[in-house]
Every structure is written in structure tokens, then in C-alpha cells.
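Colleague: I have just opened this one and would like to go through it with you slowly. Could you walk me through it?

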Amino acid sequence: MEHDNPADTVFITGATSGFGAATARCFAGRGWNVIAAGRRADRLDALADEVGPRLHPLVLDIRDRPGMEAAVAALPATFGRVRALVNNAGLALGTTPAQACSLDDWETMVDTNIKGLLYATRLLLPRLIEYGAGAGIVNLGSVAGNWPYPGSHVYGASKAFVRQFSLNLRCDLLGTGVRVTNIEPGMSESEFSLVRFAGDRDKYDAVYRGAQPLQPEDIADTVYWVLNQPAHININSLEIMPVTQAWSNFAIRRE
Ligand code: NDP
Ligand code: 8X3
């Protein structure tokens, strides 16, 4: 049972590639208005050309709090009735062990995955609450927020923050009708691994070689499904892996 309303708007962060771009196409293709946010203006322009006037490109850096405040305050009226926020923008930088990796990279992950997500959430909550029943926030967590692995340190911890923040938000939003979901994907094929390995194509290929990773469209369809459940249903969290991925044994250091 779906509740599409042509006047409904979804605000998607990180819409220039991967999950975000696929989600923008998915919602626009089903009649929603889409605010597509990200830093790369050329990508957003191309998406706007492809999708048409249903898509409002919004060039922004989610780490820039004053810029975020100004952008949300200046949303055009036709895109102002926001029913859904997809907090998707995020990144992992490297898999170097904690004791050797860059403090700048840690700060970038915290500023993007945690603080940027907080800015978008807090700034859009009044509009979502005004919409009421049927509104929702979908956060892009990760299996890395649930399970440890070497080199995940701040990235995984930032996603654990997103998971707990999602659950805590539900408590505060009780009675507003606004739903909150944390989607926790496993290995997915996107620019994520190019960003993580600083553009190293060999390392990117090695991540996916011989496996069948999730595709951005798989996650987009899941986001769409979550946000189009009947208004009385809240999907709290969804952990999704490709069939070709599973857990492994504990590591043991032996002398
Ligand atoms: P991509 O690298 O393809 O997309 C990341 C998006 O985030 C881009 O659109 C990028 O846009 C945007 N972004 C990054 N930093 C900023 C910023 N400071 N301001 C605004 N936008 C920003 O990766 P995915 O699509 O795979 O990842 C999307 C989300 O899903 C992330 O949160 C990621 O952690 C999570 N995830 C990914 C998994 C995977 O294996 N791929 C698995 C589990 C979770 P731009 O650079 O133009 O600003
Ligand atoms: C991305 C999935 O396993 O590379 O969040 O951390 S993983």
C-alpha cells in the first residue's frame, strides 16, 4: 500500500552519486519532488537535466552549518513541503590502523557522517513535524555501525552514532507522526570505495572482485519501500548484506 502524493518532497543529501543519486531517480520517477543536495554542481546539473523540473539541485557541503541553515531556509515554495529526509551523504577514509592514520581524516568523517547529518536533521525536523503522519527520516548507517573490523575505527563508530541517534530520535518524535529508520547496508558498489582508497582503482576493484555487491538501486528501492509504508508503521532498522558477504571468525594474536 503506497501513499504517493505528487506534492510530496524528499530531501536527499549526497545525491551526486551512489545511493543518493539512485534514490533521487527512484523517487522522481514515482512522482515525488526531489531536493538533491551535494557538493559537485556538475553532477547535480546533469541529474536535473535527466530528471526534469521535479528535481531541485542544491549545491552544499553538509559540514557547513551556516550554509546548511541558509539553504534550508531558502527552499523554493514548490519544494517546501518536505515529507522525507534521506540522510545519505557520508564517507569512509582509508582502512589504515587507528594508531597510524590521519587525524584530519577522522575529523572529516566526524564532521560529515555525524555533524552534517545532525545539521540536516535538526534543520528539517520542523518541516517534517509540520507534515505529520506519513513523514519520515531515513538515515544511512552501515553494517560497520554494528560490527567491528580492522581499519573501521572512526567510520564504524560514526555509523554506530547514526544508529543510536536514529533510535533516540524515535523516542522524542513519538506523537509527531514522523518516522525514523536506520538502513545498514553491507558491501555496496559505488564511489564509496574510490573515496575510501583516495581514487586507487586497483583497491576499488579488489573490494568487489568475484563478489556480487549490493547496487545503489537496491538501496534506493529499500528507502522508497521504507518511506511508503502505511503511516502507522515505523521500520526501525534494516541490516542488508549481499548474499556473497558474511561474518568471519575472531582474530587471535598468537606468539
Ligand atoms: P558515494 O561515495 O557514491 O556517495 C557519497 C555521497 O555523499 C556523494 O553524493 C557525495 O557528494 C556526498 N558527500 C560526501 N561528503 C559530503 C559533504 N561534505 N557534503 C555534501 N555531500 C557530501 O557512496 P555511497 O552512495 O555508497 O554512500 C552513501 C552512504 O551510504 C554513505 O553515508 C555511506 O557511508 C553509506 N554506506 C555505504 C556503503 C557502501 O558499501 N557503499 C555501505 C553502507 C553504508 P559530493 O562528493 O558531491 O559532495
Ligand atoms: C560500508 C560498508 O563494510 O565497507 O559502510 O564498512 S563497509
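Colleague: How many salt bridges does a search of the whole structure find?

Modeller: The search finds nine salt bridges in the whole structure, where a salt bridge is a side-chain nitrogen of Lys or Arg within 4 Å of a carboxyl oxygen of Asp or Glu. This is a predicted model, in which local features need pLDDT of at least 70 and side-chain atom pairs count only at pLDDT 80 or more, while totals for chains, interfaces and linings use all residues. Residues are numbered from 1 along each chain as its sequence is written, chains are lettered from A and ligands numbered from 1 in the order in which they are written, and side-chain values use heavy atoms, with hydrogens and water left out.

Colleague: Why do such pairs form at all?

Modeller: Side chains of opposite charge can pair when their charged atoms come close.

Colleague: Which residue meets E191 in a salt bridge?

Modeller: The side chain of E191 meets that of R43, with 2.9 Å from N to O. Because E191 lies in the loop between β6 (179–185) and α6 (192–196) while R43 is in helix α2 (residues 41–51), the pair ties together parts that are 148 residues apart in sequence. Helices (H or I, at least four residues) and strands (E, at least two) are DSSP runs, numbered from the N terminus.

Colleague: Are those two buried or exposed?

Modeller: Neither word fits, because E191 has 24% relative accessibility and counts as partly exposed, and R43, at 30%, also counts as partly exposed. Buried means under 20% relative accessible area, exposed means over 50%, and partly exposed is in between, with a 1.4 Å probe and protein chains only.

Colleague: What about D111 and K115, how far apart in sequence are they?

Modeller: They are four residues apart in helix α4, which is about one turn of the helix. An α-helix has 3.6 residues a turn, so residues three or four places apart point the same way. The side chains of D111 and K115 meet in a salt bridge, with 3.9 Å from N to O.

Colleague: And where do R163 and E184 sit?

Modeller: R163 forms a salt bridge with E184, the closest N and O atoms being 3.5 Å apart. This pair links distant parts of the chain, since R163 is in helix α5 (residues 153–173) and E184 is in strand β6, 21 residues away. R163 is partly exposed, with a relative accessible area of 30%, whereas E184, at 3% relative accessibility, counts as buried.

Colleague: Which residues are linked in a network of salt bridges?

Modeller: The network links D8, R81 and R83.

Colleague: Changing topic, which residues are closest to ligand 1?

Modeller: Ligand 1 is surrounded by 28 residues, of which T16, S17, R39, Y155 and S190 are the closest; a residue belongs to this shell if one of its heavy atoms lies within 4 Å of the ligand. Helices α1 (18–29) and α5 each supply at least two residues of the shell.

Colleague: What polar contacts does ligand 1 have?

Modeller: Among them, a polar side-chain atom of D61 lies 2.8 Å from a nitrogen atom of ligand 1, and an N or O atom in the side chain of K159 is 2.9 Å from an oxygen atom of ligand 1. The protein covers 95% of the 880 Å² of accessible area that ligand 1 has on its own.

Colleague: Which residues surround ligand 2?

Modeller: They are S142, V143, A144, Y149, Y155, F192 and R196. An oxygen atom of ligand 2 is 2.5 Å from an N or O atom in the side chain of S142, and for Y149 the corresponding distance is 2.5 Å. For R196 it is 3.3 Å. The protein covers 80% of the 240 Å² of accessible area that ligand 2 has on its own.

Colleague: One last residue, where is T121 and what is it in contact with?

Modeller: T121 is found in helix α4 (residues 103–131), and T121 counts as buried because its relative accessibility is 1%. Leaving aside its neighbours within four places in sequence, T121 is in contact (heavy atoms within 4.5 Å) with L85, N87, I137, F165 and L169.

Conventions. Polar contact = N/O pair within 3.5 Å; in protein donor to acceptor, adjacent residues only side chain to side chain. Areas by Shrake-Rupley, 256 points an atom, 1.4 Å probe, with all protein chains shown as cover.
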